[in-house]
Amino acid sequence: MNRFLCLHSLTTYAAVLLVRDANGRPKEMLFGNAIRTLVPAQTERRADRTLMRERANRGEGPLAGRAFGIRTREWARLTARELTAQGWDATTAATTAKETLCGLGLNFGTKDSNADLTKVLIFAPERAAIDIANVIATRRHQVEPWLAQVQAEREKENRKKEQSKKRKNKSDAPDEQPESEAAEEVKIPPLPQEVKSELLAAFSPRDAIDIALYGRFLAEIAESPNVDGAVQTMGSFSVGPACVVDDFYSAGDDAKLDRRAHALDVFDEPGAGMTGYQSLFSGTFYGHSVLDRVKLRRTLKSSTGWPDEQVEAAAADAEAAFVDAFCNAVPAAKANTTAAGGTLPKLVLAFTSNRPHNYAGCFEKAIEENSTTPSASIQAARRLLAQHHLIIKKCGIEPGRVLTYDLDTTELLNELRTAGTLACHEADTLDDFLTPTKPRGAMA
């Protein structure tokens, strides 16, 4: 089995804002001879991951019925909700859930608004909150004495802070505090070992497919296994110079417009209810992702202990879902005012190899288009397929397959096939693209 599944895409967007920087503008980068518009890798990965999970949760796609993870700061809230559903008092459930997770090593916010939220996002199996609540409920006879110790320590620390505050108010130098009197972090007693071991098991990746694909780094719990993701993702960038427009908009005030339309108040001031600008970008974007098929199988094997046949079945399903998401996922930002979610790629190229192959370099020279040249997407498709043809000859890789949802690109593929220069197979549908059977249009 070739270790790496390499995916390349060309997608054309018109007047969208899939991601923005700290100033609300599209992200850009200098590459080659031009400034390009950028859709970062983390934006692409989240779109792919959530599409896979949503489809599976609806009972659709190759991963239907399989376990997934969620990335959230609300594990204490989710656990408390499960405890409450088991009949616990709501206040007791909330306190117990938070303190137990603190004992495991997680840190929480310090403000009232985020006191029950972890400081960082924690990526864990969807059912982790249920399992954590079950551990707490089953081990209640061990958790409650431990919790009493924790609360005693917190009360002791609060008394120290109050005394220190009183001394500070009486001091001639209120802004200075002796180092020996400085407030210390509460020293939480260690959790009973049985409780800790079962909580760690609840947070372990287990059979969550998206954790095996995209990995996780859980630094706050040293004993909890981190996962080196099997998916590599490059941020998509425009094949031509950045094309950004600051779109001026005006929003009408319905109440005022209704009065004006019916002459109910002739003294209403004219003008829009509000005005502003939003930045939009257009262009054809090159995207690239790689799946390490061996690493995916090793991760599933080590985290689940499944037999090889079961690991292989799950990995094959994950590969199919990964390709499907690469072809269909679109970042959701500004979806209602740009309808970007309906965009399909102009071209998708897939092949396997024993090392990854990134074709970004063939777009180092930005593609220019005018009335006498083909569109940027067609120029880019020619360049991408020519690069692939070169790598096939130089590196001896498999030809792979190409899929298009675009009429102009279909004509280009027909032209290349007729000329005998289409160096890959063409798939008619995504199902053909995913199946091992050979589709029409054999390599010349």
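**Helix pairs and salt bridges**

Let's start with one residue. Glutamate 312 has a relative accessibility of 37%, so it counts as partly exposed. One caution before I go on: this is a predicted model.

What does glutamate 312 pair with? Its side chain meets that of arginine 297 in a salt bridge, 2.9 Å from N to O. The two residues sit in distant parts of the chain, 15 residues apart. Arginine 297 is in helix α9, residues 293–304. Glutamate 312 is in helix α10, residues 308–328. Now the accessibility of the arginine. Arginine 297 has a relative accessible area of 11%, and the cut-off for buried is under 20%, so arginine 297 is buried. Its partner, glutamate 312, is partly exposed.

Why do such pairs form? Side chains of opposite charge can pair when their charged atoms come close. How many salt bridges are there here? The count comes to 24. Some of them join up: Arg55, Arg58, Glu60 and Asp324 are linked in a network.

Next, a pair of helices. Take α12, residues 376–395, and α13, residues 407–419. They pack at an angle of about 40 degrees, and their axes are 10 Å apart. Angles from 35 up to 65 degrees fall in the oblique class, so α12 and α13 are oblique to each other. The crossing is right-handed. On the α12 side, the contact is made by Ile378, Ala381, Arg382 and Leu385. On the α13 side, look for Asp408, Thr409, Leu412, Leu413, Glu415 and Leu416. By class, that contact has 6 nonpolar, 1 polar and 3 charged residues.

Two of those contact residues form a salt bridge. Arginine 382 pairs with glutamate 415, and their closest N and O atoms are 2.7 Å apart. Arginine 382 is in α12 and glutamate 415 is in α13, so the pair ties together parts that are 33 residues apart in sequence. Buried or exposed? Arginine 382 is partly exposed, at 36%. Glutamate 415 is partly exposed too, at 41%.

Now a second helix pair. Helix α4 covers residues 128–138, and helix α6 covers residues 193–203. They pack at about 170 degrees, with axes 8 Å apart. Over 145 degrees counts as roughly antiparallel, and that is why α4 and α6 get this label. This crossing is right-handed. Which residues touch? From α4: Ala128, Asp131, Ile132 and Val135. From α6: Val195, Glu198, Leu199, Ala202 and Phe203. The split is 7 nonpolar, no polar and 2 charged.

Let's follow one of the charged ones. Aspartate 131 forms a salt bridge with arginine 127, the closest N and O atoms being 2.7 Å apart. Aspartate 131 counts as buried, at 12% relative accessibility. Arginine 127 counts as partly exposed, at 42%.

Last stop: phenylalanine 203. It lies in helix α6. Its relative accessible area is 0%, so phenylalanine 203 is buried. What does phenylalanine 203 touch? Leaving out residues up to four places away in sequence, its contacts include Trp75, Leu101, Leu104, Leu106, Ile122 and Pro125. Ile132, Arg216, Ile221 and Ser224 are also among them. Alanine 124 is one of the contacts as well. Phenylalanine 203 and alanine 124 are 79 residues apart in sequence. In space, their C-alpha atoms are 5.7 Å apart.

Conventions
Residues numbered from 1 in each chain as written. Predicted model: local features only at pLDDT ≥ 70, side-chain atom pairs only at ≥ 80, totals over all residues. Heavy atoms only, no water. Axes fitted to C-alpha atoms, helices over the stretch in contact; angles between N-to-C directions. Helix = DSSP H or I, 4+ residues; strand = E, 2+ residues; numbered from the N terminus. Parallel < 35°, antiparallel > 145°, perpendicular 65-115°, else oblique. Left-handed = near helix turned anticlockwise from the far one by under 90°. Contact = heavy atoms within 4.5 Å. Nonpolar A, V, L, I, M, F, W, Y, C, P; charged D, E, K, R; others polar. Salt bridge = Lys/Arg side-chain N within 4 Å of Asp/Glu carboxyl O. Buried < 20%, exposed > 50% of the residue type's maximum accessible area, 1.4 Å probe, protein only.
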